[in-house]
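Here is a walk through one protein chain. Have the sequence and the 3D view at hand.

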Amino acid sequence: MFSKRDRNEIRKIRHERVRRKISGTPARPRLCVYRSNKHIYAQIIDDLAGNTLAAASTVEKEIASQVAEADKKGAAKIVGKVVAERAIAAGIKSVVFDRGGYIYTGRVAELAAGAREGGLDF
């Protein structure tokens, strides 16, 4: 009998395929997005050194208080702005956007828009 793969497994395969082409360097690190049903996470990663340079998510207390009344898209935009502020404080202006295998719409697009508003270039 034919068994259908779940959506997250398909996303992981898509993400692995994209990651063969995209990697973060010290000059231009990778802005990686992960979203769950309730939360959204963003990390800026230098893949050559294997370090996370900046990160933000809706799980953090200071961000959770800001997004308490916002919907999921609004929360994603706030996370994008916060990760951009932290990246600029760390001396990062330009990044490579890694959408994590998700379709570039909804929360992922709002996070990208928030990061651009925060001053990141991609």
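**Helix packing, pocket and overall fold**

Helix 3 and helix 4 cross in a right-handed way; that is, the near helix is turned clockwise from the far one by less than a right angle. The model is predicted: local features need pLDDT of at least 70, side-chain atom pairs count only at pLDDT 80 or more, and totals for chains, interfaces and linings use all residues. Residues are numbered from 1 along each chain as its sequence is written, and side-chain values use heavy atoms, without hydrogens or water.

Helix 3 covers residues 72-89 and helix 4 residues 107-117; they pack at about 35°, with axes 7 Å apart. Axes are lines fitted to C-alpha atoms over the stretch in contact, and angles run from 0 to 180 degrees between N-to-C directions. Contact means heavy atoms within 4.5 Å. Helix 3 contributes residues including Ala 76, Val 79 and Gly 80, and helix 4 residues including Leu 111, Gly 114 and Ala 115. The contact residues split into five nonpolar, two polar and seven charged. Here Ala, Val, Leu, Ile, Met, Phe, Trp, Tyr, Cys and Pro count as nonpolar, Asp, Glu, Lys and Arg as charged, and the others, Gly among them, as polar.

Now step back to the whole chain. It has four helices and four strands, which are DSSP runs numbered from the N terminus (helices: H or I, at least four residues; strands: E, at least two). From the N terminus, the order is α-β-β-β-α-α-β-α. The radius of gyration, taken over C-alpha atoms, is 15 Å, close to the 14 Å that the globule rule gives for 122 residues, so the chain is as compact as a globular protein of that length. That rule is 2.2 Å times the number of residues to the power 0.38. The C-alpha trace spans about 55 × 40 × 20 Å along its principal axes.
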